Each structure stands twice: as structure tokens, then as C-alpha cells.
Amino acid sequence: GTIVPVDCKMENEFKLKSDDFVKKSDLLHLVILINDIFYRGGKNLMNERIEQAKKTGHAVANKLEENKVNAYRNKLTSAVATTNKKMVFDILIQLQNYSDITIPFLFYLLDDYDENVNLLYAFIAALKKYSKKEEGEN
């Protein structure tokens, strides 16, 4: 069969409706891990930067109202799916300003977007509100 680049499959996952996106976060996590293997040859699988991006996504989501979190997640998802890097950076800066939380991987994206796009995927997958019970499980 035809081999489809992992990024294409991931971008198709991001095109799902918002409700489906949240349900698919575990699948996205697995795709991120697979993508990391391809980009880094299996070295540092689930490295500190990805963990930091996930933690930052959770922290930002918990600082904002749920409707804002959903709106920003949808905007970011759309920007990634259409490969609109300017929009990605604009949204990340807005999120950083509104939440008053530094988004450390932003600098990695600015340096080399394609090499560090996994950090963005991890951030988006983690950018959702959690109940107290769910927080304990994650």
C-alpha cells in the first residue's frame, strides 16, 4: 500500500470536530509518539520538551474559561491543519498573554517549526479543561 506521512495523518485527525478531538486525545498522543520516532530516530521518545508542552497546555487551559479554551483549541487546530504558521504564532502569543503563562516551546517553533511541530501537537492535545477527578488520572 501507499505510505502516508505521519504528519498528514495527524493533520487529518486535527480536522475532526471539537467534540471528537477531545475524545481522540489518546489516539493523538500515540500518533505524537510515532511521529517522534520518525523525526528523532527513536531517541528521547517522549522527551522533556513534549512533557513540558503537555503541562503548559493543561496550565493554560486551567487559567481560562472553558469556552475560551475550546475556541482557542479550535483556532489552533485549524491553523495547524492548514499549515498557517503565522496564525499558529499569533494564537500562541494571545494564549500566553491571556493566561499569563509562558509557552516555552514557542521559541523552539520559531527556530525550526517543522522539527518541533510535535511540541505543538502535544500542547493542543493537552489544551482542555479537566475536572478534578480527570486531573488525578492524567
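## Exercises on salt bridges and the nonpolar core

Glutamate 51 counts as partly exposed, because its relative accessibility is 28% (buried is under 20% relative accessible area, exposed over 50%, partly exposed in between, with a 1.4 Å probe and protein chains only). The model is predicted, so local features need pLDDT of at least 70 and side-chain atom pairs count only at pLDDT 80 or more, while totals for chains, interfaces and linings use all residues. Residues are numbered from 1 along each chain as its sequence is written, and side-chain values use heavy atoms, with hydrogens and water left out.

**Exercise 1.** Find how many salt bridges the whole structure has, and place the one formed by glutamate 51.

*Solution.* Step 1: apply the criterion, a side-chain nitrogen of Lys or Arg within 4 Å of a carboxyl oxygen of Asp or Glu. Step 2: search the whole structure, which gives three salt bridges. Step 3: look at glutamate 51, whose side chain meets that of lysine 54 at 3.5 Å, N to O. Step 4: locate both residues in helix α4 (residues 48-63), three residues apart, about one turn of the helix (helices are DSSP runs of H or I with at least four residues, numbered from the N terminus).

**Exercise 2.** Determine which elements are linked by the salt bridge between aspartate 114 and lysine 85.

*Solution.* Step 1: the closest N and O atoms of the two residues are 3.9 Å apart. Step 2: aspartate 114 belongs to helix α8 (residues 113-126) and lysine 85 to helix α6 (residues 85-99), so distant parts of the chain, 29 residues apart, are linked. Step 3: check accessibility; aspartate 114 is partly exposed at 46%, and lysine 85 is partly exposed at 33%.

**Exercise 3.** Describe the salt bridge of lysine 86 and state whether this residue is buried or exposed.

*Solution.* Step 1: the partner is aspartate 90, at 2.8 Å, N to O. Step 2: the two residues are four apart in helix α6, and therefore separated by about one helical turn. Step 3: lysine 86 counts as exposed, because its relative accessibility is 57%, whereas aspartate 90 is partly exposed at 34%.

**Exercise 4.** Work out which element gives the most to the largest nonpolar core.

*Solution.* Step 1: such a core is a set of buried Ala, Val, Leu, Ile, Met, Phe, Trp, Tyr and Cys residues joined through side-chain atoms within 4.5 Å. Step 2: the largest has 29 residues, and Leu76 and Phe123 are among those with the most contacts inside it. Step 3: α8 gives the most, with eight residues.
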